[in-house]
Amino acid sequence: MISIDEETIFSVIATKNPRSVALSGPDALMHKIQRSAEKIAELYHIPAYIIGDNSWGSCDLNTHAAEVVGADILFNIGHTISMKTFGDKVVMIDAYDDISFENIATKCALELKRQNIHNISLVTSSQHLCAIDRVKEIFEEQGYNVVIGRGKGQLNEAQVFGCEFYPAYDVQKSVDAYIFLGQSVFHSAGIAIATQKPTFMLDPYFEEFSDVSDIASKLQKKAILSVYKSLDASSIGIIIGIKEGQFAHLKALNLKKTFENLGKSVQLIVMNEITDERIRIFTGIDVFVQVACPRISTDNHFHKPMLSVPQALSLIKLLKKEPVENFMQITHWL
Ligand code: SF4
């Protein structure tokens with residue numbers, strides 16, 4: 001069961017004495033966030049605004065919404081990172097899942113031995129970070145060499161984002177495979193693409209583990225195909241996302257200049273949520289490049305090519321007749 005670290009919320013409120021607070025977090029946690037907001041209102045008699053928009057990660061805190069309602073503190077819940085606060089107003093609140101990996105980790109450890117896998121690295125997303133130590137012990141008891149990659153930037157050790165893989169990428173030479181703790185194909189496929197190593201996802205709820213290589217390979221092929229489909233484009237729409245941690249205005253301007261030097265016409269578009277439905281309103285654009293979240297391009301469906309930054313950089317290389325290699329095998333897809 002996932003629990004929000006409400007003790008920290010209450011302690012911050014008691015110390016800072018805000019006139020009002022806002023709470024933001026992933027959709028899957030919204031029912032729990034609602035209960036936390038009720039408790040805050042009951043205990044402290046202050047408004048607790050629940051921000052109903054998506055919060056995809058620490059790149060998407062919803063600070064603007066908190067500012068508009070005048071909240072003194074914004075609690076962003078469920079996106080554990082190495083930093084506890086952003087500025088004076090944003091406090092990151094952990095939400096850990098205490099589900100046991102005991103059975104599935106043991107089952108996986110016994111099976112992978114038969115596949116000649118001996119050196120592994122454990123990786124996960126925020127809610128299962130608390131399970132890493134125990135799963136490490138389970139694999140070590142079965143004779144594995146277990147490597148835990150170091151954190152970097154906002155990432156804790158063993159942690160990955162959907163677009164950022166330092167702890168996995170940096171240890172790839174020492175491991176035969178990655179074991180991802182949790183139900184996220186999104187994160188585990190990202191690791192498999194970035195490292196090109198077998199990546200197994202441990203699902204503690206269904207007590208199953210699966211190799212995500214096929215899914216990763218399909219995503220990668222789709223990403224490469226979009227680049228090649230964009231070669232003949234004459235007009236490009238460059239989309240600047242306005243979520244605070246995804247805002248890459250200068251990158252967009254640099255890409256614009258480069259594409260224009262290559263004879264393309266470019267329009268700059270500013271958006272919050274980048275969806276196929278929204279881009280259908282634009283006419284006369286052959287290809288879109290979005291500089292916000294790379295996974296929007298790799299994972300979502302668009303009726304026209306929608307390139308992320310690494311894809312756009314590859315397209316530029318192709319247009320310049322330069323070699324393009326392994327553009328997704330990098331630590332950060334930005
Ligand atoms: S994958 Fe997208 S949502 Fe996740 S951290 Fe990266 S930019 Fe943010």
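Which residues are around the ligand? The legends below begin with that view of the predicted model and then turn to two sheets and a pair of helices.

**View 1. The surroundings of the ligand.** In this predicted model, the residues around the ligand are Trp56, Gly57, Cys59, Asp60, Phe161, Gly162, Cys163, Gln246, Cys293 and Arg295. When the members of this shell are sorted by class, five of them are nonpolar, three are polar and two are charged.

**View 2. The open sheet of five strands and the helix that packs on it.** The strands of this sheet follow the order β3-β2-β4-β6-β5, and their pairing is mixed. At the edges stand β3, which covers residues 48–50, and β5, which covers residues 85–86, and each of these two strands pairs on one side only. Strand β2, made of residues 21–24, runs parallel to β3 and is joined to β3 by three bridges. Within this pair of strands, the residue that Val21 stands opposite is Ala48 in β3. Helix α2, spanning residues 30–44, packs on the sheet, where it touches β2, β3 and β4 (73–77), and the direction of α2 makes about 165 degrees with that of β3.

**View 3. The open sheet of four strands.** Here the order of the strands is β14-β13-β15-β16, and the pairing is parallel. The edge positions belong to β14 (265–271) and β16 (306–307), and because each has a single partner strand, one side of each is left without a neighbour in the sheet. Strand β13, which comprises residues 235–241, runs parallel to β14, and seven bridges join these two strands. One of the residues to look for in this view is Gly241, whose bridge partner in β14 is Met271.

**View 4. The crossing of helices α8 and α12.** Two packed helices are described by the angle between their axes together with the distance between the axes. For helix α8 (residues 213–229) and helix α12 (residues 309–319), the axes come within 9 Å and cross at roughly 45 degrees. This angle is why α8 counts as oblique to α12. The crossing in which α8 passes α12 is right-handed. On the side of α8, the residues that take part in the contact are Ala223, Ser226 and Val227, and they meet Gln311, Ser314, Leu315 and Leu318 in α12. By class, this contact of α8 with α12 consists of four nonpolar and three polar residues, with no charged residues.

Technical notes. Residues numbered from 1 in each chain as written. Predicted model: local features only at pLDDT ≥ 70, side-chain atom pairs only at ≥ 80, totals over all residues. Near = placed C-beta within 6 Å. Nonpolar A, V, L, I, M, F, W, Y, C, P; charged D, E, K, R; others polar. Axes fitted to C-alpha atoms, helices over the stretch in contact; angles between N-to-C directions. Parallel < 35°, antiparallel > 145°, perpendicular 65-115°, else oblique. Left-handed = near helix turned anticlockwise from the far one by under 90°. Contact = placed C-beta atoms within 7 Å. Pairing = 2+ DSSP bridges.
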